[in-house]
Amino acid sequence: MNVENTEINGFVIDKFNQHGLEVGKTQGICPLCSHTRQPKNRDAKCCSYDWERGLGTCHNCDTSFQLHTYQRKGNATREYVKPIPVEVFEPVKDKAVQWFESRGISQQTLNDLKVTTGEEFMPQTGKKENTIQFNYIMGEELVNVKYRDGRKNFKLYKGAEKIFYNINSIVGYDWCVITEGEMDALALHEAGIKNVISVPNGATLNSNNLDYLDNCIDYFEDKEKIILAVDADEAGQALRYEFIRRLGAEVCYLVDFNGNKDPNDFLIEHGAEELRKVITTASQVPLEGVSTLKDIEADLLDFVHNGFKPGFQVGLSNFDRIFSTYTSQFITVTGIPSSGKSDFVDQMCIGYNKNYGWKTAYASPENKPNFLHAHKLIRKTWEGMPTKDDVGSDKWKQITEHINDNYFFIDMDRYTLEDVLRKGAELVKRKGIKCLVIDPFNKIRDVDCKTEDVNRYTMEYLTKIETFAKKYDVLVMVVAHPTKMYRDKEGKIEEPTMYSIKGGGEWYDASYHGLLVHRDYEAQTVKVKVLKVKFQNLGENQAEAHFNWELKSGSYVPIISEDNVGPLPWES
């Protein structure tokens, strides 16, 4: 390798040859263990150097290490508070060392991963406590600190950026391990697996905010194998699923800890050698498109015990009574021009975000310019119309930051379905979107489909959307205009159906769900009608929900009537 080369796999080298080894040599001493060996063996060439990849591998201590240090890859998405820089990370001492040793963690591992101790105010106790401090370093910069006191209370440095713990350790490797806690990362390092990282905030059952993955996504671009060594409990499995969705099943591998909760417990019970073995024999994520009873057993048991349940809901009481959905599906939304189709889709996305934390990407050629679309989302989230006096206020900053982090506008000179779905896949990986809006479908053409048959074109179009939705477990909403508008004998515009869309028969057959948004200009109300719902527990075909549209917020306000009460579809 040329000494002048300053980059490896897209990572800029910060300190070249950090251990002072013989540059260009393929074999030599090990900076980790040679100094600890008998004098006659200290100069033995027990280590191989790969200068192209920036890695060293020792055949004596059976471990690997990085030849260089690297600068951060990728930039922070916004300004964060930063901890006070630390010149020297003081080693852990006394009782803390003894506690770590009881967990199978040595002083050397604590030093390697820059674990320290010190006093810190803990909000859970309302006073300063002696804490263990896990220092989060990216490149050469201290980015965050996680504090843990003796009562197992935790906190991160307030306002600091969330990243993976020990993220520098995976640079140069084509594989890595992800754990659910810092102690698990320490345990694997102790077992000789150095390219291991940990999430900063554990796992939760209902919603996992992976903003730390957003901030570190560039570190996974060259990974051919990602081992998910998360906890075996239900929350850990939910986290594992989201990692698979974001990083791709084709590179993810799973670990069975044989009844132990996590890597640290496994280390204590079975030792470092067995922990190393269970990681290196991790199994690949099961083949996509094939399920066994074991794969769906949890869902099966839930159904046996609890029966039908609704799907995901948007938080509008009358609409939730007649419609819900699953992910991995798509919804067709139709209605005559200016009926509020796009606006109601925005309301649904706001509701999914509020209820479940889902992020949305919009491919909306007609919903431009983007700042006006963003203003609509701000108003619905604000629940009112912000004025110029509100700009810069705490509420303005909070909501605009939330919109920035949760809604993404796909911009293209020429929209094609293939490009939109490709960008959607990228946004799943980089931002974790759970909804994709195509609005309207006729402005986003499938240029790869050469048929002149409108029915065949429609079926191929919707098949591609369905494939995308299933692969990435995303809910897709497709806005589709009717081809023509007809008036009844009284001159009123008739309500369109899914058959009113060009290629209508295919739309009805292929869509999981269909919704009509129809405005009554005389009554100044909006009706949302379920044109199709695939499963009986998700809603009620031909049922309607009526709304007033609130001008300042742009929100839909349910009109409550006798039809809004009574048993739900899944309760009858």
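Let us start in helix 14, which spans residues 454-472. Glutamate 466 and lysine 470 sit four residues apart in this helix, so about one helical turn separates them. In this predicted model, their side chains meet in a salt bridge, with 3.4 Å from N to O. How buried or exposed are the two partners? Glutamate 466 is partly exposed, with a relative accessible area of 22%. Lysine 470 is partly exposed too, at 48%. The cut-offs help here: a residue counts as buried under 20% and as exposed over 50%, so the 22% of glutamate 466 falls in between.

Other salt bridges join parts of the chain that are further along the sequence. Glutamate 495 forms one with lysine 527, and the closest N and O atoms are 2.1 Å apart. Find glutamate 495 in the loop between strand 21 (475-480) and helix 15 (504-510), then look for lysine 527 in strand 23 (residues 525-533). The two residues are 32 apart in sequence, so their salt bridge ties together separate parts of the chain. Glutamate 495 is partly exposed, with a relative accessible area of 32%, whereas lysine 527 is buried at 12%.

Now turn to aspartate 218 and arginine 430, whose side chains meet in a salt bridge of 3.0 Å, N to O. How many residues lie between the positions of these partners in the numbering? They are 212 residues apart, a link between distant parts of the chain. Aspartate 218 belongs to the loop between helix 4 (211-216) and strand 14 (225-229), while arginine 430 belongs to helix 13 (residues 417-431). With 15% relative accessibility, aspartate 218 counts as buried; arginine 430, at 27%, is partly exposed. This pair also has company: Lys73, Asp218, Glu221 and Arg430 are linked in a network of salt bridges. In total, the structure holds 32 salt bridges.

From charged side chains we can move on to rings. The structure holds 29 aromatic pairs. One of them joins phenylalanine 319 and phenylalanine 344. A pair of aromatic rings is described by the distance of the centres and the angle of the planes. For this pair, the centres are 5.2 Å apart and the planes make an angle of 85 degrees, which is an edge-to-face arrangement. Planes over 60 degrees apart count as edge-to-face, so the 85 degrees of this pair explains the label. Phenylalanine 319 lies in helix 9 (residues 317-320) and phenylalanine 344 in helix 10 (residues 341-356), so the pair links distant parts of the chain, 25 residues apart. Both phenylalanine 319 and phenylalanine 344 are buried. They belong to one aromatic cluster, made up of Phe319, Phe323, Phe344, Phe547 and Tyr556.

Next, follow the backbone into strand 20, residues 433-438. This strand is mostly covered, with six of its six residues buried. Which strands pair with it? Strand 18 (residues 359-363) pairs with strand 20 in the parallel sense over five bridges, and alanine 361 stands opposite leucine 436 in strand 20. Strand 21 runs parallel to strand 20 as well, joined to it by four bridges. There, valine 437 stands opposite methionine 477 in strand 21.

Another sheet offers a contrast in direction. Three strands form an open sheet in the order 1-2-7, and their pairing is antiparallel. Why do strand 1 (7-8) and strand 7 (69-70) each have one side without a neighbour in the sheet? They stand at the edges, and each has a single partner strand. Strand 1 pairs with strand 2 (residues 11-15) over two bridges in the antiparallel sense, and glutamate 7 stands opposite valine 12 in strand 2.

Strand 7 leads us to a last stop, the second largest pocket, since strand 7 supplies at least two residues of the pocket lining. Strand 6 (63-66), helix 2 (107-112), strand 9 (127-138), strand 10 (141-149) and helix 3 (182-190) each do so too. About 1,200 Å³ of space lies in this pocket. Of the 42 residues that line the pocket, Asp112, Leu113, Lys114, Asn166 and His189 are the closest to its centre. By class, the lining has 16 nonpolar, 19 polar and seven charged residues.

Key: Residues numbered from 1 in each chain as written. Predicted model: local features only at pLDDT ≥ 70, side-chain atom pairs only at ≥ 80, totals over all residues. Heavy atoms only, no water. Pairing = 2+ DSSP bridges. 1 Å grid on protein atoms, 1.4 Å probe; cavity = no way out; pocket = protein on both sides within 12 Å on 5 of 7 lines; lining within 4 Å. Points joined across faces, edges and corners; volume = space filled by probe spheres on them. Nonpolar A, V, L, I, M, F, W, Y, C, P; charged D, E, K, R; others polar. Salt bridge = Lys/Arg side-chain N within 4 Å of Asp/Glu carboxyl O. Buried < 20%, exposed > 50% of the residue type's maximum accessible area, 1.4 Å probe, protein only. Phe/Tyr/Trp six-rings, centres within 6.5 Å; stacked < 30°, edge-to-face > 60°.
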